[in-house]
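Student: I'm new to this structure and would love a close look at a single part of it. Please pick a pocket to begin with, and then lead me outward from there.

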Amino acid sequence: MLVPVTEMLNKAYEGKYAVGQFNINNLEWTKAILLTAEEQQSPVILGVSEGAAKYMGGFNTVVGMVNGLIQDLGITVPVATHLDHGSYEGGKAAMEAGFSSIMFDGSHYPIEENITKTKEMVELAHSKGISIEAEVGSIGGEEDGVVGTGEIASPEECKLIADLGVDILAAGIGNIHGAYPDDWKGLAFDVLETINDITGSTPLVLHGGTGIAADMIQKAISLGVAKINVNTELQWAFQQATRAYIEAGKDLAGKGFDPRKILAPGFDAIKAGVKEKMEIFGSVGQA
């Protein structure tokens, strides 16, 4: 059964660890992440962008696939399906389809419009028992067509959004989607600390978890981050493992292409990557 992220992230915030959001793109990714979460006894958040949902057939397909895997694989740890960087209309559609959590990304609107739209989405989500994430200060880079310039969020604006009753808050602190450039200046921990201080006990979210050193992750967790998103790193691992298998010619075996065999190395790579991140985030055994 899918659950909102509220309880798992409140526990993580208080316990000074983070729950990983691992974005899914197909059956193999979803199965690998769920099995790893069960093995590690870690709560887990399955992130789904609007583009990924469309690729997999739609929001209803995603919910049906995840619920079916939870039942058939005997998954007992808390699992949430979370719309990642959702639009105004996309957030409503995901809620109707049965997502247990959504992100409404109003960071590209002027703050007044972000507040108005977020307030409406908070009321709608909570009326359905669904958790909601909001964002202030766009995240740098590009993820599935969502582009951010990577500005540093205003702590005062973060408080305005947090006071609307959001369950979790994403704030731009120099983090970037995708690969970090060589001249990256790092995370603005002073800003993160101020945001944590003035937003009360609202769990904070670190987008762009790929490529951030473990010690920086630990410091971010100590300053209120309870949810960390990972996507690009898993894409790389899946691609490299699958490509290596194909280039080695093992997919032939005299019987043509067997997709189950071709995708197996990528499946194993996803499991290994998720396990490593759960250990860094400190969520192992917290289910």
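Tutor: Let's begin at the second largest pocket, which has 17 lining residues, with V3, P4, E7, M8 and P78 nearest its centre. (A pocket is an open set of points on a 1 Å grid over the protein atoms alone, where a 1.4 Å probe fits, with protein on both sides within 12 Å along at least five of seven lines; lining residues have an atom within 4 Å of a point.) This is a predicted model, in which local features need pLDDT of at least 70 and side-chain atom pairs pLDDT 80 or more, while totals for chains, interfaces and linings use all residues. Residues are numbered from 1 along each chain, and side-chain values use heavy atoms, without hydrogens or water.

The second largest pocket holds about 210 Å³ of space, counted as the space filled by probe spheres set on the points. Its lining has 12 nonpolar, 3 polar and 2 charged residues. Helix α1, residues 6–15, supplies the most to that lining, with 4 residues. (Helices are DSSP runs of H or I of at least four residues, strands runs of E of at least two.)

Now turn to the strands. Eight of them, with parallel pairing, make a closed barrel in the order β1-β2-β3-β4-β5-β8-β9-β10; strands pair if DSSP finds at least two bridges between them. Strand β9 (204–206) and strand β10 (225–230) run parallel and are joined by 3 bridges. One residue to look for is L204, whose bridge partner in β10 is V225. Against this sheet packs helix α8 (189–198), which touches β8 (168–171), β9 and β10 and points at about 155° to β9. (Angles run from 0 to 180 degrees between N-to-C directions.)

Between α8 and β9 comes a loop that holds T199. T199 counts as buried because its relative accessibility is 8%, where buried means under 20% with a 1.4 Å probe. Beyond residues up to four places away in sequence, T199 touches C158, K159, A162, L169 and L204, a contact being heavy atoms within 4.5 Å. So here we meet L204 again, the bridge partner of V225.

Finally, look at helix α6, residues 111–127, where A125 lies. A125 is buried, at 0% relative accessible area. Setting aside neighbours within four places in sequence, A125 is in contact with M95, I130 and I132. K185 lies 60 residues from A125 along the chain, and their C-alpha atoms are 36 Å apart.

Technical notes: Buried means under 20% relative accessible area, exposed over 50%, partly exposed in between (1.4 Å probe, protein chains only). Ala, Val, Leu, Ile, Met, Phe, Trp, Tyr, Cys and Pro count as nonpolar, Asp, Glu, Lys and Arg as charged, and the others, Gly among them, as polar.
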